[in-house]
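Reader: Please show me how the features of a structural model such as this one are to be read. I should like the general idea in each case, followed by the particular one.

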Amino acid sequence: MTETTFRPIDVKKIQKMLTPKKGKMKALLSFCAHCGLCAESCFLYRNHLDPKYVPAYKAINSLGKIYKKKGRVDRNQLEEMKELIFKNCVLCGRCYCPLGIDIPSMISLARTICRSQGVYGVFPYSAGEP
Amino acid sequence: MGETHLYYFIRGPLLWIAFFVFAGGIVFRTVQFFKLTRKKDPLIYSPTKNHKERYGKSSVQERKMQFAISLKNSILGQHQAVAIFTSLFHILIFILPIFLLAHNLLLYESWNFSLWSFSESTGDTLTILFLFLAGFFFFRRVAVAKVRALSRASDFFVWLITVTPFLTGFICYRQWFDYHTALIMHILSGELMLIAITFTKLGHMVFFFLARFFIGSEFSLGRGTRTW
């Protein structure tokens, strides 16, 4: 088996993807009161009762991190996010935020960015396995 | 003398600055919101309308059941204590400062008009209730795992900004410690809170109404005519 070599992270490409939605995403991230009331609307959280399944946690620790670093993330960080946004979320769009924050769109953008850098949620994730 | 000068500065010019920043923040957030959103495209297929045309209006029993299900899945159905406490907390944070007797007396002294106000004992009781609720939220942030995982230092800082005006006001009313210092702290912290609404996540005061009433979604409270 040959070892897989990854191409380096294309920071410019990430930044290009971040810019058009910057206003919306920054507003959504900054108004999140971190109240944790979205937790029970996620059926995966109800099943696992693990804070890593709270919708806000997934959005803040994926897209929030990328915005905080202005797109300058490395592969390890994207790999860490992979579990949160591909395995811990199925993008069913059922998350309820009392403030009206659009959480699925944030996770969706984080997924798009990860995918553009070759970080995918592959089979065992899609079946809910670690 | 210095303290008196400070007192007149913070209840004069600084108060106006705080009010202007507060009002400017509300206007800025509103304009920003409408710039970031657009009118929703007209709905071509409406599942609910289609269902109604085919099967007629749902019966009273059906509607009762639908209401019961949505209530069970709401925050009120899931966390009764949090829902009630957070509603009370947010109502009090609005009405307490506006209808407090002492504030209205100051208003009367300055401009010769005053609003309806609580009696002194009611204001005092409500402040104690507010502080209790704030304590509950602090406890929740520290003790509940899902909230603790989300909490950052900034959350505690914002909590402090919100609670300090009420705590110092409570101390002022009881005249504990040095009254003059407590009063200055009270005014300063109140102004800080007004300014913070523009710059911190306390901006959800504006965002809540805009997002929940204008953005169309399953949970929108208004007509939901706009989209991101």
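Reader: What radius of gyration does chain B have, and what would a compact globule of 228 residues have?

Author: The radius of gyration is taken over C-alpha atoms, and the globule rule is 2.2 Å times the number of residues to the power 0.38. A compact globule of 228 residues would come near 17 Å, but chain B has 22 Å. The C-alpha trace of chain B spans about 80 × 40 × 35 Å along its principal axes. The model is predicted: local features need pLDDT of at least 70, side-chain atom pairs count only at pLDDT 80 or more, and totals for chains, interfaces and linings use all residues. Residues are numbered from 1 along each chain as its sequence is written, while chains are lettered from A and ligands numbered from 1 in the order in which they are written.

Reader: Which secondary structure elements make up chain B?

Author: Helices (H or I, at least four residues) and strands (E, at least two) are DSSP runs, numbered from the N terminus. Chain B comes to 12 helices and two strands. Their order from the N terminus is α-α-β-α-α-α-α-α-α-α-α-α-α-β.

Reader: How many residues does each chain give to the contact between chain A and chain B?

Author: Two residues are in contact if their C-beta atoms, placed from the backbone, lie within 7 Å. Chain B gives 24 residues and chain A gives 24 residues. On the side of chain B that touches chain A, the elements with two or more residues are α2 (13-36), α5 (75-78), α9 (145-150) and α12 (204-214) of chain B. The residues on that side of chain B are 14 nonpolar, five polar and five charged. Here Ala, Val, Leu, Ile, Met, Phe, Trp, Tyr, Cys and Pro count as nonpolar, Asp, Glu, Lys and Arg as charged, and the others, Gly among them, as polar.

Reader: Is B:Phe207 buried or exposed?

Author: A residue is buried if 20 or more other C-beta atoms lie within 10 Å of its own, exposed if 12 or fewer, and partly exposed in between. B:Phe207 has 24 other C-beta atoms within 10 Å and is therefore buried. B:Phe207 is found in helix α12 of chain B. Leaving aside neighbours within four places in sequence, B:Phe207 is in contact with A:Phe31, A:Leu99 and B:Arg29. Of the 228 residues of chain B, 18% count as buried. By contrast, A:Lys22, in helix α2 of chain A, is exposed, with 12 other C-beta atoms within 10 Å.

Reader: At what angle do helices α1 and α6 of chain A pack?

Author: Axes are lines fitted to C-alpha atoms, for helices over the stretch in contact, and angles run from 0 to 180 degrees between N-to-C directions. Angles under 35 degrees count as roughly parallel, over 145 as roughly antiparallel, 65 to 115 as roughly perpendicular and the rest as oblique. Helix α1 (residues 11-18) and helix α6 (residues 103-116) of chain A pack at about 155°, with their axes 10 Å apart. α1(A) and α6(A) are therefore roughly antiparallel to each other. The contact is made by A:Lys13, A:Ile14 and A:Met17 of α1(A) and A:Thr112, A:Ile113 and A:Ser116 of α6(A).

Reader: How are α2(A) and α4(A) placed with respect to each other?

Author: Helix α2 (residues 22-31) and helix α4 (residues 55-68) of chain A pack at an angle of about 120°, with their axes 11 Å apart. α2(A) and α4(A) are therefore oblique to each other.
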